[in-house]
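Here's a quick briefing for anyone meeting this structure for the first time. Take a look at it, then read on.

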Amino acid sequence: MKRFWGWGLILAWAFIACVSREGIASEDKVIRVATPGNYAPFTMYDEATQEWSGFEIDMWRTIGEKAGYEVQWVRLDLPANFAEMDLGRVDTVAKQISITPSRQQKYDFTQPYFFSPYCLTVREDNNEVKSWKDMEGKSIALREGGSELEFVAVLDPENKVEKSIYESNMLQDVSLGRVTATPYPFLTLPWVLKKNPELKLKAVDLENPIFTEVNAYPFARTDRGRALLKLTDDILTQMIEDGSYAKLCEKWFGTNVMDSKYAKEYREKQGK
């Protein structure tokens, strides 16, 4: 299994390389959110302006405002953000975090705030890979610490697909032909390609995602973690009911994800 390390590793261990605070100024009402700032369009940090933007940045700004809490951004990347949460240095993680069996063993999660179907993303001129069944003997780029590691392990129990582990630049290497494919959320791929026209990529088999992430915010199983989880969960319910969630979804993705078939299927399975 290959490993490709990028700047994400440097960011990961620079614990408070960049912290910005938003919300009210009360020190006893702070939620510390670990987020990388390099995961468009969910969490982005501009080095030049030192400003944050993205869907999850807007989500947490709204959560902070509605809860009367200060949101403190701690710039970290996977897997350091979970390690810091284990140590009590951050309260939660914002990077389209998926609920997985292994994570559920350690953390409690809010209700889902996003549903993200992943399809194989390949070079624009790749006509060989049309679905997962075509990946045998080929290579796939997976993000270090990402939920796709668990999902792909289930899809490929006999290791017939070569896995390359990346900190970043998966899409770039697929576009350059260094690796065959990478799983990518097709709801956000058009946004990424519009911002990065040099990437010559396409998603395949859109009707049959290889997996669908159910994204939620994790909290430690501590008194503080349980209290902040309940607070966050209550605000998420409020945002869905008052339309503020839909407004942010429309802003970043042009659709309300809670109206998608993936969200509806999840609610049906949960009996909601």
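How much space lies in the second largest pocket? About 280 Å³, going by this predicted model. Let's start with that pocket and then move on to helix α9.

**The second largest pocket: who lines it**
- On the lining you'll find Ser98, Ile99, Gln104, Phe115, Phe151, Thr212, Glu213, Val214, Tyr262, Glu265, Tyr266 and Lys269.
- Sorted by character, the lining has 6 nonpolar, 3 polar and 3 charged residues.

**The second largest pocket: where the lining comes from**
- Strand β15 (211-215) and helix α10 (261-270) each chip in with at least two lining residues.
- The top contributor is α10, which gives 4 residues to the lining.

**Helix α9: its two sides**
- This helix runs over residues 244-253, and its buried residues are Ser244, Tyr245, Leu248, Cys249, Trp252 and Phe253.
- Why do they end up on the same side of α9? Because they cover an arc of only 140 degrees around the axis.
- As a rule, an α-helix has 3.6 residues a turn, so residues three or four places apart point the same way.
- Flip to the other side of α9 and you meet Lys247 and Lys251, which are exposed.

**Helix α9: its surroundings**
- The cover over the buried residues of α9 includes strands β5 (43-46) and β10 (114-123), along with helices α2 (55-67), α7 (189-195) and α8 (223-242).
- Right after α9 comes Gly254, with a positive phi near 75 degrees.

Technical notes. Residues are numbered from 1 along each chain as its sequence is written. This is a predicted model: local features need pLDDT of at least 70, side-chain atom pairs count only at pLDDT 80 or more; totals for chains, interfaces and linings use all residues. Side-chain values use heavy atoms; hydrogens and water are left out. Buried means under 20% relative accessible area, exposed over 50%, partly exposed in between (1.4 Å probe, protein chains only). The arc is that of the directions from the helix axis to the C-beta atoms. Contact means heavy atoms within 4.5 Å. On a 1 Å grid over the protein atoms alone, a cavity is a set of points where a 1.4 Å probe fits but cannot get out, and a pocket is an open set with protein on both sides within 12 Å along at least five of seven lines; lining residues have an atom within 4 Å of a point. Grid points are joined across faces, edges and corners, and a volume is the space filled by probe spheres set on the points. Ala, Val, Leu, Ile, Met, Phe, Trp, Tyr, Cys and Pro count as nonpolar, Asp, Glu, Lys and Arg as charged, and the others, Gly among them, as polar.
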